[in-house]
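The following exercises ask the reader to describe a protein structure step by step. Please study the sequence and the model before turning to the solutions.

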There are 2 protein chains.
Amino acid sequence: MPSTNRTTSRSTKKSTDKSPSKPTDKPTSKSTKKQDVSASPARRRELLDTAAEVFAEQGYDATTVRKIADQAGMLAGSLYYHFDSKESMLEEILAAFLDELWAGYDAVLESDLGPRETLAALVTESFREIDRHRAAVAIYQKESKHLAPQPRFAFLADSQQKFEKAWLRTLERGVEAQIFRADLDIRLTYRFVRDTVWVAASWYRPGGHHSPEEIARQYLSMVLDGIAARGGPSAD
Amino acid sequence: MPSTNRTTSRSTKKSTDKSPSKPTDKPTSKSTKKQDVSASPARRRELLDTAAEVFAEQGYDATTVRKIADQAGMLAGSLYYHFDSKESMLEEILAAFLDELWAGYDAVLESDLGPRETLAALVTESFREIDRHRAAVAIYQKESKHLAPQPRFAFLADSQQKFEKAWLRTLERGVEAQIFRADLDIRLTYRFVRDTVWVAASWYRPGGHHSPEEIARQYLSMVLDGIAARGGPSAD
DNA sequence: CCTTCCCTAACAAGTGTTTGGTAGGTTAAC
DNA sequence: GTTAACCTACCAAACACTTGTTAGGGAAGG
């Protein structure tokens, strides 16, 4: 719970401006900058969390720094004590999420599981990540596509490539071992599995009826075995 | 022909008071207004198509009217001869898409098919719609969530509700007839099927390797029967 | 002359960001 | 033990620019 101690600043009616390109972006040295990374990390994370919430709900472009500041109980300019741009907040949110995501993924991929168990573990890990970083995942879903081309967000493209490689390899191994069907287009299958998992972030709400593990279990059951009844009457 | 509950936008009054000089906004008569709907429908559709393209690629908020005009080979102000706001372009794009979508859906739902055939027909119809309105679908995917609450876009919420009802009913019928599995949470299954279909718009490119029908066939195969091999070695 | 379709040029409101200040706490000097 | 210096975390006010939108005008064709 953020301590919104100050007078909950009502929405300012003043003005601002957005300049898309900022040349001053080179930390010439790692010495103590004006603010940047040196300030209290707790408050920093707190502000990033509220920013992520607003980004996820309204979309990045539709979110103004004043809305973020409002939600955090401060004024727009004060955010620039902690961060040096709106974009850097976005970057930090996404980078932190991907870092944690890959920590989990790498652990799975390095543990020499069979294809089916790997798939199950990856899916389960994904739903845990959605549970913990639902806002970041939602932002990632909505914005990564047009962010990835920007040099600043190259790590998004990197992650996507690594992601695709890991999934394709798992699926291929499964097909070779005759654990997964061979008659399906493997890229289509990849996109199918990938999308079915991540779009859940758009409706998932933590604290709902299902735990991440329960959702993962049911998703896996559908993806692996389908929704058609097995012994039932054959239609068509 | 589209006899669906057509909530085609009646231009509601501007709830967002931003422009001071807009006294009357009620097209009570369908007579030739200043611009609105009367102008050449061909050029109109042309402009809407390019607008949809830009919206889909950059996101609605990130898209400026100048970018749209640029892409259309004209200046920003000139767009306002054809449309009376950026938002009305968005509205028209989405409304036109949903009208056509529901024309197809209603035809399926009214033809008394069994649950499995209904599901197959709905999925196939959806992929055809993605093929024809890929930009509109992408916009719908990204923006509908935060647009639906606005009164102007109430038709989005209506459509979503109708959509959910149709799908849930189809799934329930299938479970009763023992065509679909009974051990799955039906709402989860609904979201699963819904999402797996529509997110395809984010990567689908017309003229690719697969026709909409082919993609629909493979998706249906995965959704119905799963990606696990049937006779193969059983893992777990 | 009228209509269609577009351009030029501007408007006000809103945008991200910067600069300078300052309340309040902690530290150090006297 | 007062005082001075310092630091953190914020506010207040502005800045330069972009945004959607409008008003007036003009070229082309009927």
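The exercises below go from one chain to the pair of chains, and then to single residues.

The model is predicted: local features need pLDDT of at least 70, side-chain atom pairs count only at pLDDT 80 or more, and totals for chains, interfaces and linings use all residues. Residues are numbered from 1 along each chain as its sequence is written, while chains are lettered from A and ligands numbered from 1 in the order in which they are written.

**Exercise 1. Describe the secondary structure and the burial of chain A.**

Step 1. Helices (H or I, at least four residues) and strands (E, at least two) are DSSP runs, numbered from the N terminus. By this rule chain A has nine helices and zero strands.

Step 2. A residue is buried if 20 or more other C-beta atoms lie within 10 Å of its own, exposed if 12 or fewer, and partly exposed in between; the C-beta atoms are placed from the backbone. Of the 236 residues in chain A, 33% are buried.

Step 3. Two residues are in contact if their C-beta atoms, placed from the backbone, lie within 7 Å. Among the contacts in chain A with a separation of 6 or more, 68% join residues 24 or more positions apart.

**Exercise 2. Determine how the two chains are related and which parts of chain A touch chain B.**

Step 1. Copies are superposed by least squares on the C-alpha atoms of residues with pLDDT of at least 70 in both. Chain A falls on chain B after a rotation of 180 degrees with 0.1 Å of shift along its axis, with an RMSD of 0.1 Å. The two copies are therefore related as by a two-fold rotation axis.

Step 2. Of the residues of chain A, Gly226(A) comes closest to the rotation axis, its C-alpha being at 1.8 Å. The same surface serves both copies, since 100% of the contact residues of chain A recur in chain B.

Step 3. In the interface, 39 residues of chain A are in contact with 42 residues of chain B. On the side of chain A that touches chain B, at least two residues each come from α6 (134-147), α8 (186-198) and α9 (212-225) of chain A. The largest share, seven residues, is supplied by α9(A).

Step 4. For the classes, Ala, Val, Leu, Ile, Met, Phe, Trp, Tyr, Cys and Pro count as nonpolar, Asp, Glu, Lys and Arg as charged, and the others, Gly among them, as polar. This side of chain A holds 17 nonpolar, 12 polar and 10 charged residues.

**Exercise 3. Analyse one helix pair between the chains and one within chain B.**

Step 1. Axes are lines fitted to C-alpha atoms, for helices over the stretch in contact, and angles run from 0 to 180 degrees between N-to-C directions. Angles under 35 degrees count as roughly parallel, over 145 as roughly antiparallel, 65 to 115 as roughly perpendicular and the rest as oblique.

Step 2. The axes of α8(A) and helix α9 (residues 212-225) of chain B come within 11 Å and cross at roughly 60 degrees. Hence α8(A) is oblique to α9(B).

Step 3. In this pair, Leu188(A), Thr189(A) and Phe192(A) of α8(A) meet Ile215(B), Gln218(B), Tyr219(B) and Met222(B) of α9(B). The contact consists of five nonpolar, two polar and no charged residues.

Step 4. Within chain B, the axes of α5 (residues 115-132) and α7 (residues 154-176) come within 8 Å and cross at roughly 150 degrees. Therefore α5(B) and α7(B) are roughly antiparallel to each other.

Step 5. This contact is made by Pro115(B), Arg116(B), Thr118(B) and Leu119(B) of α5(B) with Thr170(B), Arg173(B) and Gly174(B) of α7(B). By class, two of these residues are nonpolar, three polar and two charged.

**Exercise 4. Locate three residues and state whether each is buried, partly exposed or exposed.**

Step 1. Gln178(A) lies in the loop between α7 (154-176) and α8 of chain A. Because 12 C-beta neighbours lie inside 10 Å, Gln178(A) counts as exposed. Most residues other than glycine have a negative phi. Gln178(A), however, has a positive phi of about 55 degrees although it is not a glycine.

Step 2. Ser85(B) is placed in the loop between α3 (79-82) and α4 (86-109) of chain B. With 15 C-beta neighbours inside 10 Å, Ser85(B) counts as partly exposed.

Step 3. Asp158(B) belongs to helix α7 of chain B. Asp158(B) has 16 other C-beta atoms within 10 Å and is therefore partly exposed.
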